[in-house]
Amino acid sequence: MRAVDAGSLWLDGGAMFGVVPKPLWARRAPADERNRIPLAMRCLLVETDQANVLIDMGLGNKESDKFRSIYGVSNEGAPTRLESSLSGLGVTPSDIDVVVATHLHFDHAGGGTVRDPDGTVRPAFPRARYVVCRGEYDFARLDNERVRASYIPANFEPLAAAGCLDLVEGGSEVVPGVRMESTPGHTPHHHSIRVDLGGDELLFLADLVPTMAHLPLAWIMGYDVEPMVTLESKRAILTRAAAEGWWLAFEHDPFVAWGRAVAPPAGGPGCAVTDVRDQPLVPEAERGETTGVV
Ligand SMILES: [Zn+2]
């Protein structure tokens with residue numbers, strides 16, 4: 001189980017923290033002169049006995065210079081940081097058997113396809129089946145004004161055309177040891193991904209809790225389409241994570257890859273995190289482990 005650096009981007013701090021006043025969030029996430037805060041795009045590679053599973057895909061290389069400037073995208077590589085990071089871990093795109101999308105927003109699903117120099121858009125992982133919740137796929141294709149900016153058809157239509165899209169029901173097991181946990185609210189069919197580490201559990205939170213700063217139950221992104229649903233998703237799964245001592249992985253935290261869930265110091269629902277690991281990638285000495293590498 002290894003973290004995979006897929007680059008970074010900058011998003012509006014106000015949008016990232018919803019109704020939380022700036023004097024509160026700015027202490028934890030200082031903004032630049034355009035009111036943006038830095039965010040990682042950190043995927044997860046899970047190597048089980050049966051399959052190499054990549055969880056989320058970063059942003060890809062298909063967007064314009066204007067788009068990349070607006071969002072402060074930094075993910076250069078061959079062809080993107082994602083593939084370069086995988087290469088650094090000894091993994092080629094052809095080694096990936098399964099790609100799982102937590103949802104289809106561009107900063108999570110864009111890297112599932114790449115644009116070649118001749119303009120052709122193709123699946124970035126040629127042997128992989130791409131597992132996506134059917135409800136999320138249908139929602140992404142609505143072309144609704146509120147969410148249109150986050151869903152870019154070029155990120156998922158070419159996968160459908162290539163026949164590698166595997167639409168599943170919510171809560172599905174992807175492969176033994178890797179399960180989609182329904183955590184709606186950010187989008188109606190958003191999923192976090194639970195990984196069995198062999199005696200330990202890790203939950204890849206995705207946009208349910210994008211950074212450590214979003215752990216308080218009410219610290220919910222303005223992007224979320226159903227914030228009250230997010231609240232209940234967080235209450236349920238973070239309380240369980242604390243009770244069972246799960247590791248929690250933060251896809252967007254610029255500094256913290258993961259930490260161990262514990263009960264909040266003041267008691268009550270939700271969780272705090274201890275034993276945080278700052279390194280974005282697992283050290284080389286630990287490569288090759290399939291369990292417990294957190
Ligand atoms: Zn999202």
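Visitor: Which residues have the most contacts inside the largest nonpolar core?

Guide: In soluble globular proteins, nonpolar side chains tend to be buried together. In this predicted model, the largest nonpolar core has 48 residues, and F17, L82, L104, F125 and Y130 have the most contacts inside it.

Visitor: Which elements give two or more residues to this core?

Guide: The helices among them are α1 (13-17), α4 (81-88), α5 (106-109) and α6 (134-140). The strands are β1 (2-12), β2 (36-47) and β7 (129-133). Of these elements, β2 gives the most, with 5 residues.

Visitor: What does Y130 touch, leaving aside residues up to four places away in sequence?

Guide: Y130 touches M57, V99, G112, P123, A124, F125, L159, C164, L165 and D166. One of these partners, F125, is listed with Y130 among the residues with the most contacts inside the core.

Visitor: Which residues does the second, separate core include?

Guide: That core has 26 residues, including V46, V53, V195 and W247.

Visitor: How should one read the overall fold, and how many helices and strands does the chain have?

Guide: The chain has 8 helices and 15 strands. Its radius of gyration is 18 Å, close to the 19 Å that the globule rule gives for 294 residues, so the chain is as compact as a globular protein of that length. Buried residues make up 54% of the 294 residues. Among contacts between residues at least 6 apart in sequence, 67% join residues at least 24 apart.

Visitor: How many positive and negative side chains does the chain have?

Guide: There are 27 positive and 40 negative side chains, and the centres of the two sets lie 4 Å apart.

Methods. Residues are numbered from 1 along each chain as its sequence is written. This is a predicted model: local features need pLDDT of at least 70, side-chain atom pairs count only at pLDDT 80 or more; totals for chains, interfaces and linings use all residues. Side-chain values use heavy atoms; hydrogens and water are left out. A nonpolar core is a set of buried Ala, Val, Leu, Ile, Met, Phe, Trp, Tyr and Cys residues joined through side-chain atoms within 4.5 Å. Buried means under 20% relative accessible area, exposed over 50%, partly exposed in between (1.4 Å probe, protein chains only). Helices (H or I, at least four residues) and strands (E, at least two) are DSSP runs, numbered from the N terminus. Contact means heavy atoms within 4.5 Å. The radius of gyration is taken over C-alpha atoms; the globule rule is 2.2 Å times the number of residues to the power 0.38. Lys and Arg count as positive and Asp and Glu as negative; His and the chain ends are not counted. The place of a charge is taken as NZ of Lys, CZ of Arg, CG of Asp or CD of Glu.
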